[in-house]
Amino acid sequence: MSVTDVALLLVRIVLGGTMIAHGVNHWVGGGKIAGTAGWFGGLGLRQPILQAWLSVLTEIAAGALLILGLLTSFAAAAVISVMLVAGLLAHRTNGFFVFKEGYEYVLVLGVVALALGILGPGWLSLDHAGGIAITGWAGGGVALILGVVATGGLLATFYRPQPAPEAAPQN
């Protein structure tokens, strides 16, 4: 075990725990599923209740897999996809900074997930114990390509934004 293995464990725990907390918050926090669905519908996603539940399940499952270091590249792909959707639909138009609802936070989480896909979960992981760790360009490729393809599929299937209302003619 190396210091890198400990660092990767810390990153997996923090990113995984953040994703679990995010999923649980979408589920039982604030407006619960109905509130999350309303927000998703407002962003232009059709079938917003389904989208809310898929988001909750994806975030919690990806977070748990990251903490365990199991199927790490696939869990990283799920995080990348969730962050891409959030960045594109909710944060992109607000600029960079998170305090202005910008994409700063989702960018950091997505890039950390990609880095885990590239570096792998480290020695302190179920992937290592099972001999199934995918690392390097292959791990990063799985995480990035699968994350982007999943995002594209979700948007192609469910993203139907309402046209902007036309401005009333001025007299």
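This report describes the nonpolar cores, one helix and a surface patch of a predicted model.

## Basis

The model is predicted, with local features requiring pLDDT of at least 70 and side-chain atom pairs counted only at pLDDT 80 or more, while totals for chains, interfaces and linings use all residues. Residues are numbered from 1 along each chain as its sequence is written, and side-chain values use heavy atoms, without hydrogens and water.

## Nonpolar cores

The largest nonpolar core (buried Ala, Val, Leu, Ile, Met, Phe, Trp, Tyr and Cys joined through side-chain atoms within 4.5 Å; buried means under 20% relative accessible area, 1.4 Å probe, protein chains only) has 18 residues. Those with the most contacts inside it are L15, M19, L66, V79, M83, A113 and L116. At least two residues each come from α1 (3-28), α3, α4 and α5, and α4 gives the largest share, 8 residues. Helices are DSSP runs of H or I, at least four residues, numbered from the N terminus.

Leaving aside residues up to four places away in sequence, L116 touches (heavy atoms within 4.5 Å) L8, V11, R12, L15, L66 and T72. Another core, apart from the largest, has 12 residues, including A37, F40, A52 and L89.

## Helix α7

Helix α7 (residues 136-158) has 23 residues and spans 33 Å from first to last C-alpha, close to the 33 Å expected at 1.5 Å a residue. Its buried residues are G139, G140, A143, G147, T151, L155 and F158, and these pack against α3 (48-68), α4 and α5.

## Residue F99

F99 lies in the loop between α4 (72-91) and α5 (104-119). F99 counts as exposed (over 50%) because its relative accessibility is 63%.

Technical notes
Expected span 1.5 Å × (residues − 1).
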